[in-house]
Amino acid sequence: MVHSLQINRSTRYTLNNGAEIPVIGYGVYEVPVTKTAQLVYEALKSGYRHVDTAVVYENQKEAAEGVQRYLQETGTSREEIWFTTKLWNDQQGYEETKKALSSIAEDVKEYIGYVDLILLHSPLTSKEKRLGTWKALEEVVADPSSAPIPVKSIGVSNFGIEHLKELLEVAHVKPVLNQLELHPWLPHHDLRKFLAEQGIYAEAYSPLTQGVKLQDPELLQLESKTGISKVDLLLKWSFLQGFIVLVKSDKVERIKSNLNVLPDAGDGSDASISLDDETWKVLDKPYSYEVLTWDNNDPTTYAK
């Protein structure tokens with residue numbers, strides 16, 4: 001049996017609000033602020049159409065500058081590029097979110113005009129704060145002209161099932177996605193099942209485990225046996241799960257090679273990625289639960 005998916009680097013998934021998000025994104029977590037604009041520009045030049053930043057990364061302005069430079073130099077329309085940012089914990093709450101939107105507008109509006117997606121970065125606040133933020137974001141989506149900056153879609157990050165249930169009980173607008181640490185050692189099957197039932201996409205950050213597992217003996221053995229690099233093996237696994245996948249690097253060549261795991265678009269007729277069943281069985285670890293980020297604490301289990 002071969003596990004295969006018809007997908008290429010130009011593929012976009014349709015979210016529950018009808019927006020179409022590129023299946024692979026360039027993330028700028030821990031990318032130095034002095035390099036961010038140039039690296040975002042290089043990523044877009046390489047073929048990425050999706051940029052992921054956050055307020056707490058302190059480089060969202062520079063990420064937007066990189067997008068603007070690419071648009072101006074190539075004549076590409078703004079609608080072709082997807083731009084995500086995230087509200088940090090101290091920006092959660094109805095009034096706090098209103099202020100945060102003004103701050104985001106000051107950083108990025110002159111460069112990119114609007115934000116495609118804003119996420120709550122984590123549930124590590126309180127139910128009152130989380131729901132207050134969601135109410136403020138729903139108002140922006142409902143009436144973009146009333147906001148400091150238009151926002152097309154809203155979602156969450158690091159939310160567990162209980163956080164999602166409390167949100168869905170009162171939400172008029174569903175989250176379009178939940179951005180999570182996802183890789184073979186943390187597959188989050190129960191959470192992903194709930195997301196699928198609700199029509200909410202799973203978006204994978206740290207698909208390469210932030211390098212922690214790149215010397216894993218099983219992974220190295222697969223690399224040797226298949227001739228597929230360990231990085232490509234992990235990325236293929238993520239795409240075959242149906243995730244929207246975020247990759248990051250501050251090295252131009254690595255940015256390009258991470259994109260190359262997906263076939264060229266061509267006419268899209270036969271573009272696919274695949275893994276044979278033997279390789280899949282080694283990589284697929286449905287009961288594994290190794291959190292490699294957030295100081296090894298899983299924010300999806302936060303219960304306040």
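Here is a short tour of a predicted model, going from the whole chain down to a single glutamine.

**Whole chain.** Start with everything shown as cartoon: you should be looking at 10 helices and 12 strands. The radius of gyration is 19 Å, close to the 19 Å the globule rule gives for 304 residues, so the chain is as compact as a globular protein of that length. Line the view up with the principal axes and the C-alpha atoms fill a box of roughly 55 × 45 × 35 Å.

Now switch on the surface. It comes to about 13100 Å² of accessible area, with 48% belonging to carbon and sulfur atoms. Buried residues make up 55% of the chain. Colour by charge next: there are 32 positive and 44 negative side chains, and the centres of the two sets sit 1 Å apart.

**Helix α7.** Select residues 217-226. At the start of this helix, a side-chain oxygen of D216 comes within 3.1 Å of the backbone nitrogen of E218. Then move on to G227, which follows α7 and has a positive phi, near 75 degrees.

**Q92.** Jump to the loop between β6 (82-87) and α3 (94-112), where you'll find Q92. Is Q92 buried or exposed? Its relative accessible area is 1%, so Q92 is buried. Show its surroundings as sticks: leaving out residues up to four places away in sequence, Q92 touches T97, L120, H121, S122, T125, K129, R130 and T133.

Zoom in on two of these neighbours. The backbone oxygen of S122 lies 2.8 Å from a polar atom of the Q92 side chain, while the side chains of Q92 and T125 share a polar contact of 3.1 Å.

Note on methods. Residues numbered from 1 in each chain as written. Predicted model: local features only at pLDDT ≥ 70, side-chain atom pairs only at ≥ 80, totals over all residues. Heavy atoms only, no water. Helix = DSSP H or I, 4+ residues; strand = E, 2+ residues; numbered from the N terminus. Rg over C-alpha atoms; globule rule 2.2 N^0.38 Å. Buried < 20%, exposed > 50% of the residue type's maximum accessible area, 1.4 Å probe, protein only. Areas by Shrake-Rupley, 256 points an atom, 1.4 Å probe, with all protein chains shown as cover. Lys, Arg positive; Asp, Glu negative; His and termini not counted. Charge placed at Lys NZ, Arg CZ, Asp CG, Glu CD. Polar contact = N/O pair within 3.5 Å; in protein donor to acceptor, adjacent residues only side chain to side chain. Contact = heavy atoms within 4.5 Å.
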